[in-house]
Amino acid sequence: MKTVILIGAQGHMGQAAMTGLKKHNVITASRSGTGCDHTVDITSKASIKALFEKVGPFDAVVNTVGYCEYANFSEMTDEQWDTTIQSKMVGQINLVNVGLNYINDGGSFTLISGILNVKPIPVAIADATTSGAIDTFVQCVAHELPRQVRINVVNPTVLEEAWDVYGEMMPGFQPVPGALVGKAFERSVDGFITGKVIFVDA
Ligand SMILES: NC(=O)c1ccc[n+]([C@@H]2O[C@H](COP(=O)([O-])OP(=O)(O)OC[C@H]3O[C@@H](n4cnc5c(N)ncnc54)[C@H](OP(=O)(O)O)[C@@H]3O)[C@@H](O)[C@H]2O)c1
């Protein structure tokens, strides 16, 4: 059994990840902390550090947070770009940057991206761009991680459980059950792979 910190646990993707982490000691966190063990704001390095200090030793971080703004490219404001970049890109990179000071030898990070960087749709340019950045970050930084620490990213298509939120903007996409995406998180945490983009598509 590993000690796993799951961030964004009450969200759609967090609940999907949870299905793949059942055999572990899962410590949950989110910005509001509602229904979770801890609060954390992944856009603040100080908040990330405080979380790891509070939790103590752990074997894995699974992050399912990456807030995105949606608009056509011509209508995206600087603020919308910045909000998305600070959450889905910089926030996730900082989780690894800060987390490396705390994670156990042989531990793992699992980040979140999303299928829209390889299957683009209108209004999702910021989500797609930051998802692509995280896929690249993971594939490259894996070569630099010390102490047998691993890193992967789960790149899923839309969840069945979130189809009511995203379905209208994703005609022609086939949603997948959260439990299937949970398997991808399980493979990342319990396997030996590193530097991989784990696609879950229908
Ligand atoms: N849903 C899908 O079908 C799907 C498919 C592919 C990829 N993704 C990606 O998965 C990620 C999560 O999507 P979702 O559908 O699970 O969203 P969601 O249901 O809205 O859940 C978001 C979660 O993130 C937490 N959160 C938001 N900002 C935070 C911050 N700054 N620090 C810490 N926690 C924060 C929220 O916590 P509080 O409620 O406490 O604020 C909540 O638990 C997104 O990047 C999305 O692009 C989603």
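A pocket here is an open set of points on a 1 Å grid over the protein atoms alone, where a 1.4 Å probe fits and protein lies on both sides within 12 Å along at least five of seven lines. A molecule sits in a pocket if more than half of its atoms lie within 2 Å of the pocket's grid points. This is a predicted model, so local features need pLDDT of at least 70, side-chain atom pairs count only at pLDDT 80 or more, and totals for linings use all residues. Residues are numbered from 1 along each chain, and side-chain values use heavy atoms, with hydrogens and water left out.

**View 1. The ligand fills the space of the largest pocket.** This pocket has a volume of about 980 Å³ (the space filled by probe spheres set on the points). It's lined by 40 residues (each with an atom within 4 Å of a point), and T64, V65, G66, Y67 and Y166 come closest to its centre.

**View 2. Meet the ligand's neighbours.** A shell of 26 residues surrounds the ligand (a heavy atom within 4 Å). M13, S30, S32, G66 and L159 are the closest.

**View 3. Polar contacts (pairs of N or O atoms within 3.5 Å).** One ligand oxygen sits 2.5 Å from a side-chain N or O atom of S32. The backbone joins in too: a polar atom of M13 is 2.7 Å from a ligand oxygen, and an N or O atom of G66 is 2.6 Å from one.

Terms used: Polar contact = N/O pair within 3.5 Å; in protein donor to acceptor, adjacent residues only side chain to side chain.
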